[in-house]
Amino acid sequence: MAKADRRKERLDRGIKVRSDGIYALLSWRELAYLVLPRLVLIVGLLVLPLVMPSLYWQRVISNVCLYALLALSFDFLAHYVGLVSLGGALFIGVGAYIAALLNKYLGFSIILTIPIASIAGAAICTLLLLPCLPLRGVYFAIVSLMYPLAAMRIIEALNIFGGTDGIMGIDSFPSSWAEQYFVIVMVLLFLFGLRRLVNLDIGLVFRGVKDNDQAVRASGMSITYYKSVAVFIASIMGCLAGACLTHIYMFSGISLFALDFSILPIAATVIGGGGTLAGPVIGCFILVPISELLREFGTLRIAFYAVILMAFIVFKSEGLMVYGQRKYHQFERWVKI
Amino acid sequence: MLHVEEATKAFGGILALNRVSFDLYQGDILGIIGPNGSGKTTLVNCITGFVTMTSGKIFFKGKDITGKPAHKIADLGVTRTFQIMRPYYSLPAYKNLVIPLFSPRAKRTGGWRGGGKLGDRNTVGIDILEEIGFERDSFVPYKMASSLPTGYLKRLELARCLALKPEIILCDEVFSGLSMSEIASMVPLIERLQMDGITLIMIEHRLRELFRVANRVMVLNFGEKLVEGTPEEVMANPKVKEAYFGSEEVEEVMTYA
Amino acid sequence: MQILIYGTINSIALTLMALGFALVYGISRVPNFAHGAIYVVAGFITWTCLKALGLSYFLSALIAILITGVIGAMIYRFMLIRVRGMAISEIIASYAIGLAILEGLRWGGFKGMTYTLPLFIPGSVNLAGVPVDIHRLLLIGIGAAVIVLLWLFTHYTRIGLALRGMAQDERAALMLGIDSDLMALLATAFGSMLAGLAAIVLLPLGNIVVEAGYNVLILAIAVCIVGGLGSWMGAVLAAFLIGFAQILTVVYLGSHYQMVVALLAIIFTLILRPSGLFGQQKELEERV
């Protein structure tokens, strides 16, 4: 029935087959094919603060990395475990408040607050999200959406944790270099760590939960348990980001539960390419600077991300990273039918 | 081994299972047959904990497993396949097995043919696939599950159960969707499972093939147990003929059984 | 006595807020996160018609409801229809739409003054010694009428029955010749209109602010979860439960605890009885 006389055909490049599945690396060229993109990413990130020393850009770089942590956690949960987290702000807020409280009222130094806030925060977030884990996916989305909104209102209404004013006077990082390199290293660690994790056996179980959770149950494993582990891992990243945030801005308030943190990671993931884990990071590199430029427009930013997000989803775009990977790994040609 | 007592399940107003009781002994191959909608899959769901029964009790090796969560029941060794096949489509075939091999039970028992200790899951996965009939040296075990034909997928379902070194496998229509030759090659597999000491319950519509392997058969109709006995006894029973089909086709089946 | 009256008022208010969401979810299984946004939009449209165009209150209300219905239909027709069936994308898309509208309004909407809608009938009466605004009494009347009309509609008209059929089992409905896309479109439109109606009735009691949109979303979701996602009668019952619980906390603990009640209600429901009061879907079980 086709009227065309030719069709497009996509084939893996020979070099990919040799270097990827079979690992028969025969030359430097093939080694470079594999290693080069990753090297560019690592070196690029590490060199960035040196290349852009102005204070403004330093802030931007830190912000990019913090959002990247959130975006990584969203991508991991959504595309490798099947849980759509609409409330990344929950992780940020919890991490930030714990770090702030530890620092201000207990006098813990930054070396202590960040790890403790990450882990304790992750435990708290996992507990909060626990009730919806045995249930169908839509419940997780709803509950995760609600928590940041509710938290904002509750803190404001009950006037706890500093109420609308927030907690101020928090220590900052020892130097701005420490600040930037810490978050950059964290992003790199988590990015490559997660990529490794999803191919480990336990990562396969997570992917199994996304694919077909009844089969996982039938294999004798509790899906609630594995989902909680996944949520814990994701929330460590989010709470870490929150803790760093509060030390960078020396302040912690209900604005840390803002929708910004919920929607930008999602937009970054969709634009950058969901499921690739590197895509969301790239997406952040694009969106965060734009968001800084749009700061004068106030919360219109959020509407802007939302519109972009909608456009991408509705037009079923695959995302930059996926597109890039496809171009890198495959070539296309027209074939006569 | 398995003692089911007055299993009843109501979905709103519909009684899918109505006081079904039976016993399963070690080494049996029990066939469960019945027309569509007679509650066979619901029975499997109830036994394996995917659905909570309205009333009734289930005992496995003397222990009451009524109402236990599905993954705990699988952990005890009562495994099942799914009528609507659902492998992990995004993973290659052998990786499909790594997931069940990650379960606590597999860790304890080492999986099928594993002598009590679990080695590298990838290799154990490929071993199990080879036993099940995937040719080892070919690329078949490495193909994506989404690209495998039905016969292989049915074996994969069984392999997923075997990874847990099961005591019981409840097979929900493993023969359906297979060609005659594929079924012919499945039957020795089933017999091999039995020789390994695994007890099987098989829900089937393909009566001829079922009667070749089963040593006892139970018939369900509208959620109630109609008859239980050896294949010959069951086929001779007039109530079964009435429940299933008209009168003439029964003759044909009987001559081949 | 005071508790009884204000409890009822609050409960009916919650019902109005939640019914729109329950309708859309029950029929198309898509959670309409833009529900709160539509609520606020309806308020603004009414205000514009009233103040800027000088139309009568009734006319403004009617126009607002119709426009929100159209907006809902458009949301479905142009966005949701493209992502139906892909769970992750549905949720993200609906969320994005809601956020876009709400935050867009926050920035580009009317600024400077506080915007209010006037009460339908100002003044108050004394009911068994308790002063109650007449508007609030009207609220009860309108709410009760909506519930009854909805019940009648879904039980006795063809479209209503078709909607119910789809809510119960989409495949069976398709087999009976019911166009599920059209039904979902109508459901989204109706749900939006209900949100608009709720806005018109409830906004006069406060100001038109974007925050109200988020509050409505949270409360609507809370009511629907407690009542069971997909069950309309459950939503009504849950609205009464939560409504009275909120009033009780206001009386005995202080008015800041209202949100806490909603949140706790959701958590308790998910832990104790996930399918809600009248949940039609067995959330934990799956037909295999």
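Modeller: Helices are DSSP runs of H or I with at least four residues and strands are DSSP runs of E with at least two, both numbered from the N terminus. This is a predicted model, in which local features need pLDDT of at least 70 and side-chain atom pairs count only at pLDDT 80 or more, while totals for chains, interfaces and linings use all residues. Residues are numbered from 1 along each chain as its sequence is written, and chains are lettered from A and ligands numbered from 1 in the order in which they are written.

Biologist: How many helices and strands does chain B have?

Modeller: Taken along the principal axes, the C-alpha atoms of chain B fill a box of roughly 50 × 40 × 30 Å. The secondary structure of chain B amounts to 11 helices and 10 strands.

Biologist: What radius of gyration does chain B have?

Modeller: The globule rule, 2.2 Å times the number of residues to the power 0.38, serves as the reference for a radius of gyration taken over C-alpha atoms. For 257 residues that rule gives 18 Å, and the value for chain B is close to it, so chain B is as compact as a globular protein of that length. The radius of gyration of chain B is 18 Å.

Biologist: What share of the residues in chain B is buried?

Modeller: With C-beta atoms placed from the backbone, a residue is buried if 20 or more other C-beta atoms lie within 10 Å of its own, exposed if 12 or fewer do, and partly exposed in between. Of the 257 residues in chain B, the buried ones make up 46%.

Biologist: Which strands stand at the edges of the sheet β2-β1-β4-β5 of chain B?

Modeller: Two strands pair if DSSP finds at least two bridges between them, and in this open sheet of 4 strands the pairing is antiparallel. Each edge strand has a single partner strand, so one side of each is left without a neighbour in the sheet, and these edges are β2 and β5 (63–64) of chain B.

Biologist: Which residue is the bridge partner of Val4(B) in β2(B)?

Modeller: Strand β1 (2–11) of chain B is joined to β2 (14–24) by 7 antiparallel bridges, and β1 pairs with β4 (55–60) of chain B over 5 bridges, again in the antiparallel sense. In β4(B), Val4(B) has Ile58(B) as its bridge partner. In β2(B), the bridge partner of Val4(B) is Phe22(B).

Biologist: By what angle are neighbouring strands turned in the sheet β6-β7-β8-β3-β9-β10 of chain B?

Modeller: This open sheet of 6 strands has mixed pairing, and its edge strands, β6 (78–80) and β10 (224–229) of chain B, each pair on one side only. With direction ignored, neighbouring strands are turned against each other on average by 20°.

Biologist: What angle does the direction of helix α1 of chain B make with that of β7(B)?

Modeller: Axes are lines fitted to C-alpha atoms, for helices over the stretch in contact, and angles between N-to-C directions run from 0 to 180 degrees. Two residues are in contact if their C-beta atoms, placed from the backbone, lie within 7 Å. Helix α1 (40–47) packs on the sheet, touching β3, β6, β7, β8 and β9 of chain B, and its direction makes with that of β7(B) an angle of about 150°.

Biologist: Which element gives the most to the side of domain 1 of chain B that touches domain 2 of chain B?

Modeller: Domain bounds come from an automatic or database domain assignment, which for chain B gives domain 1 (1–76 + 170–177 + 201–257) and domain 2 (78–166). Between these two, 15 residues of domain 1 are in contact with 12 residues of domain 2. At least two residues on the domain 1 side are supplied by each of α1, α2 (70–76) and β7 of chain B. The element that gives the most, with 4 residues, is α2(B).

Biologist: Which element gives the most to the side of chain A that touches chain C?

Modeller: Here 38 residues of chain A are in contact with 37 residues of chain C. The elements giving two or more residues on the chain A side are α6 (137–158), α11 (259–272) and α13 (300–314) of chain A. With 14 residues, the one that gives the most is α6(A).

Biologist: Does Lys165(B) count as buried or exposed?

Modeller: Lys165(B) lies in the loop between α6 (150–162) and β7 of chain B, and although it is not a glycine, it has a positive phi of about 50°. Because 21 C-beta neighbours fall inside 10 Å, Lys165(B) counts as buried.
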